[in-house]
Amino acid sequence: MHPATSAIRTAYQHRPRIRLGSQMTTVLLATGAGLGVFLAFRVLVRNFKKGIREQEALEVGNPAAFATQLKMAFENDNTFGWGTDEERVFSTLEAIPSQSTFRKVQRAYRDLYGRNLAADLKDELDSQEYANATQIINAKLLASG
Ligand SMILES: [Ca+2]
């Protein structure tokens with residue numbers, strides 16, 4: 001091989017862009033893998049929490065049971081895809097013994113459905129009903145009794 005050709009070839013093989021490129025690829029792959037592991041772990045934790053909550057929901061009076069009842073009342077939809085069992089929403093809210101339990105219900109609701117209970121209450125009820133619901137919750141004792 002001609003020495004010049006060989007030198008060009010060597011230079012080509014060692015051009016900095018390739019090295020930077022492969023390093024970047026390595027970094028991106030590592031970041032991607034790290035993110036993948038992180039996301040997979042987060043899904044695992046989320047499913048684990050959800051599984052625990054689903055078990056808890058079988059116990060009457062457990063925050064997860066109240067959360068499930070509220071969700072079922074929200075999803076009491078008719079064939080048009082809308083509708084909410086307001087009576088059931090109110091009777092469930094009445095049955096929650098205290099504001100501290102209500103906060104536990106909110107956490108259970110988030111673990112089970114990945115949603116904010118207060119926001120869903122607002123969405124599912126009209127403004128007067130939502131005011132009534134808020135009143136029911138605010139009238140409760142602060143501590144668990
Ligand atoms: Ca609904």
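**Close-ups of an all-helix chain**

**Figure 1. The largest nonpolar core has 15 residues.** Within this predicted model, the residues with the most contacts inside that core are Ala67, Leu70, Val105, Ala108 and Tyr109. Four helices each chip in at least two core residues: helix 3 (63-74), helix 4 (86-95), helix 5 (99-113) and helix 6 (117-124). Helix 3 gives the most, with five residues. As a rule, in soluble globular proteins, nonpolar side chains tend to be buried together.

**Figure 2. Who does leucine 70 touch?** Here we zoom in on leucine 70, one of the core residues with the most contacts inside the core. Skip the neighbours within four places in sequence, and leucine 70 is in contact with Val89, Thr92, Tyr109 and Leu117. Of these partners, Tyr109 is itself listed among the core residues with the most contacts.

**Figure 3. Helix 5 keeps its buried residues on the same side.** The buried residues of helix 5 are Thr101, Val105, Ala108, Tyr109, Asp111 and Leu112. They take up an arc of only 165° around the axis, so they sit on the same side of helix 5. The general background is simple: an α-helix has 3.6 residues a turn, so residues three or four places apart point the same way.

**Figure 4. Helix 5 from end to end, plus what comes next.** With 15 residues at 1.5 Å a residue, helix 5 should span 21 Å, and the end C-alpha atoms are indeed 21 Å apart, so expectation and model agree. Just after helix 5 comes glycine 114, which takes a positive phi of about 65°.

**Figure 5. Two domains, with centres 55 Å apart.** The domain assignment splits out domain 1 (1-40) and domain 2 (57-145). Between the C-alpha centres of domain 1 and domain 2 there is a distance of 55 Å.

**Figure 6. The whole chain, for context.** There are seven helices and zero strands, so to speak a plain run of α-α-α-α-α-α-α from the N terminus on. Taken along the principal axes, the C-alpha atoms fill a box of roughly 90 × 35 × 25 Å. The radius of gyration is 28 Å, whereas a compact globule of 145 residues would come in near 15 Å. Buried residues account for 16% of the 145 residues. Looking at contacts between residues at least 6 apart in sequence, 63% join residues at least 24 apart.

Definitions and conventions: Residues are numbered from 1 along each chain as its sequence is written. This is a predicted model: local features need pLDDT of at least 70, side-chain atom pairs count only at pLDDT 80 or more; totals for chains, interfaces and linings use all residues. A nonpolar core is a set of buried Ala, Val, Leu, Ile, Met, Phe, Trp, Tyr and Cys residues joined through C-beta atoms within 7 Å. A residue is buried if 20 or more other C-beta atoms lie within 10 Å of its own, exposed if 12 or fewer, and partly exposed in between; C-beta atoms are placed from the backbone. Two residues are in contact if their C-beta atoms, placed from the backbone, lie within 7 Å. The expected span of a helix is 1.5 Å times one less than its number of residues. The arc is that of the directions from the helix axis to the C-beta atoms. Domain bounds come from an automatic or database domain assignment. The radius of gyration is taken over C-alpha atoms; the globule rule is 2.2 Å times the number of residues to the power 0.38.
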